[in-house]
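Me: I am new to reading structures and would like to understand the words people use for them. Could you go through this one with me, term by term?

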Amino acid sequence: MLACEGVNAFYGPIHALKDVTFAVERGTIVAVLGANGAGKTTLMNTISGLVRPRSGAIHLDGRRIDRLAPERIVRLGVTQVPEGRQLFPDLTVAENLRMGAYLRRGAAVRQDLAAVLERFPALKDRTRQLAGTLSGGEQQMLAIGRALMARPRLLLLDEPSLGLSPILVRQLFRTLGELGREGISMVLAEQNAYLSLEVAQMGIVLETGRVALQGPSPELRQTDRVRQLYLGVRSGDVSPQGGGAPGGKGT
Amino acid sequence: MLGQLVVSGLAAGSLYGIMALGLILIYKTTHILNFGQGDMVMFATFIAYLLLTLFRWPFPAAVLGAMVAGALLGALVDRGVMRWARNAPVTSLFIATLGVGMILQAVAGWIWGYDTKPFPYALRGRPLFLGDVVLRQHDLLVLVVTVLISLVLFLLFKFTKVGVAMRATSQNRRAAQLMGINVGRIGTLSWALGLGIGALAGCLVAPIVYLDLTSMILVMIKAIAAAVLGGFTSLPGAVVGGLLLGVIENLFGGYMPSAIAPLKTTFVFVLIIVVLVLRPHGLLGERTAGGHG
C-alpha cells in the first residue's frame, strides 16, 4: 500500500532520513523503532507531506505522493496522529473531532462521530469540554479519534504511548490492535519496542536516519540488536522507554 | 452629562473595536501584526469615496464595494507578498506589511491627491433624544453595526466549518495541516476578512475624521490599544477593549478640568500600561498562544 524508496530528507541542516526504503502491506501494522532523534518523526512528517524529501520517492497504492501538499495526502487516506497529540486546546472535544473530518461532509461524518464516541466512551460526556482540559489519556484517545474521523486507510502514529501510564499504554495498544483487525494499515513509530512488535506484523529499526534492521516482528524480536537496544535485558519490560514513567518492570 | 458621555464614548469605542477586529482576525491565524492595516483601510475607504463621488453609487452599495475591495486587497497582500516571504523572520514580515502600507499611501496620493476629502455620513437625519441624551443617527448606526459584526463573527467561528478551521489553524498550525486544512487558504481568507471588516470600519470613521492619506493612522493606533487591552487574541476582547477605551476617554475629557482634559488620549494609554502590568494578557486574552496539549 505504502512504499518508501530511497527517501532522503533533512530536518533543518540535519540529514534525518538516509536512503530509507520500506513498505507497508495493506492491512498490516509496521512498527518503526528507534531512539530519540533516530528520524521517526521526520519519517512520519515526510509521508504526511509536511517535509519534502530531498530525493527518493513515496508511493501510495502506486501513486506518487511525495510532492503533494499535506491536505492532498490526507484526502488520499493517510492521516497522522502526531507526537505529543497536537490537539486544538481551545476547541471542544466535538470540534476537534469535526476538524478531523475537515475534508469530508455529509451524514457519514455524524455517524463516524458517534462511532468514535462509542469507541472512546470517556470522551462521550466531554464533547463540549475544551480539549486542553482533558487528562493525558483522554487527550490521546481524542488524538486517535480525531484521526479516525478522516476515515484513514493508512494511519501514522508518532509515539502515541509517550507520557502515558503503563495501564493507559496497554489500553492504547489494545485499541491499536483492534483498529488493525478492522483493516486500517498503520505505521507505528514507538520507543516501546516490546508492545509495538506485539501488535505489528513487521518492524523496522531506524538508527540515525538509516534503516538498520527490518523484518517480521517475531524475527526482529529475536535479534540481539533489538533485544539490547529497545527491549532492555528483560523481555517483560513494558514501561515506555525514555517516557519518564517509572514502574512496570518485570510484569 | 454622564449618560451623554458614556453613549458618545460607546459610539467612538465601537469604531476602535471594529478596527481592532480586522487587525486581530489577521493576527490570530497568521501571527502577523499588520502594520499596514491603517494604510490598507485608508485605501479601501478611498475606493468607497471613488464609488460615491465618481460613480454616484448609493452609500450602502459604496460601502459594500469598499468591503469587497478591501477583501481583495487583503487576499492580494497575502498571496502576493506574505506568501513569498513565508519563511522570513517575523520582524521582516512586519516590515513587509509596513512596506505595503507605504506603497498604498503613495499610490493613493498619486490617484486622489494629498488634500483632505469630506466623507458623507451614512445617516444624516435628526438626532435621537433619549431623555437628555442626544444620539446622532450615525452613532446609532455604528452601534448597530458593531453588534451585527460581532454576531456574524461569533456565528462564523462557532458554527461554520471554515470558522472552526480558522480557530484550529490559529491554535496549532501543523496539526491543522495534518487534518487536511489548507492553512495557506485559511490565511488568505483571514486577510480578506480582516480587511473587509477594516474597510467597513474605515467608511464609518471617515465621516468623523475626514479622509486623507493619514487620517486612519490615529484611529488605528487606538484600535491597536483596544486590541492590546482586550488581550490581542480575543475578538470579544477587542470589542470590549474598544468600548472601554472610548468611554474612558470621553469621561476623562468630560470631567477633568479643562487644563488637562485635552490629555484624554494620553490618559488612556497610561491606563493601558497599568492594565498590562496587572494583567499581562489583557482583559480577555489567552494565557498562552496555544499548543499546550
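Reply: Happy to! Keep in mind that this is a predicted model. Let's start inside chain A, where 18 residues of domain 1 are in contact with 12 residues of domain 2.

Me: How do you know where domain 1 and domain 2 of chain A lie?

Reply: The bounds come from an automatic or database domain assignment. In chain A, domain 1 covers 1-77 + 152-251, and domain 2 covers 86-151. Their centres, taken over C-alpha atoms, are 23 Å apart.

Me: Why is the pair Glu178(A) and Arg119(A) called a salt bridge?

Reply: The rule asks for a side-chain nitrogen of Lys or Arg within 4 Å of a carboxyl oxygen of Asp or Glu. Here the side chains of Glu178(A) and Arg119(A) give an N to O distance of 3.8 Å. That value is within 4 Å, so the pair qualifies as a salt bridge. Between domain 1 and domain 2 of chain A the count is 2 salt bridges.

Me: Which element gives the largest share of the domain 1 side that touches domain 2 in chain A?

Reply: That is H7(A), with 7 residues. The area buried between these two domains is about 1100 Å², and carbon and sulfur atoms give 71% of it.

Me: Now the two chains. What makes Lys158(B) and Glu95(A) a salt bridge?

Reply: The closest N and O atoms of Lys158(B) and Glu95(A) are 3.1 Å apart. The limit is 4 Å, so this pair passes too. Chain B and chain A have a count of 2 salt bridges between them, along with 8 residue pairs in polar contact. On the side of chain B that touches chain A, helix H6 (161-171) and helix H7 (173-178) each supply at least two residues. H6(B) gives the largest share, 6 residues.

Me: How many residues does each chain bring to the contact?

Reply: Chain B brings 23 residues and chain A brings 29 residues. Together they bury about 2300 Å², 59% of it on carbon and sulfur atoms. Lys161(B), Leu178(B) and Met179(B) supply 32% of the area that chain B buries against chain A, more than any other three residues.

Me: Last one: what makes Met19(B) part of a nonpolar core?

Reply: A core joins buried residues of certain kinds, Met included, through side-chain atoms within 4.5 Å. Met19(B) belongs to the largest such core, of 85 residues, and is one of the four that touch the most other members. Helix H8 (residues 183-209) of chain B gives this core its largest share, 12 residues. Beyond four places in sequence, the contacts of Met19(B) include Val41(B), Val205(B) and Met220(B).

Methods
Residues are numbered from 1 along each chain as its sequence is written. Chains are lettered from A and ligands numbered from 1 in the order in which they are written. This is a predicted model: local features need pLDDT of at least 70, side-chain atom pairs count only at pLDDT 80 or more; totals for chains, interfaces and linings use all residues. Side-chain values use heavy atoms; hydrogens and water are left out. Buried means under 20% relative accessible area, exposed over 50%, partly exposed in between (1.4 Å probe, protein chains only). Helices (H or I, at least four residues) and strands (E, at least two) are DSSP runs, numbered from the N terminus. Contact means heavy atoms within 4.5 Å. Buried area is the accessible area (1.4 Å probe) that two parts lose on being put together, summed over both. A polar contact is a pair of N or O atoms within 3.5 Å; within protein, one must be able to donate a hydrogen and the other to accept it, and residues adjacent in sequence count only if both atoms are side-chain atoms.
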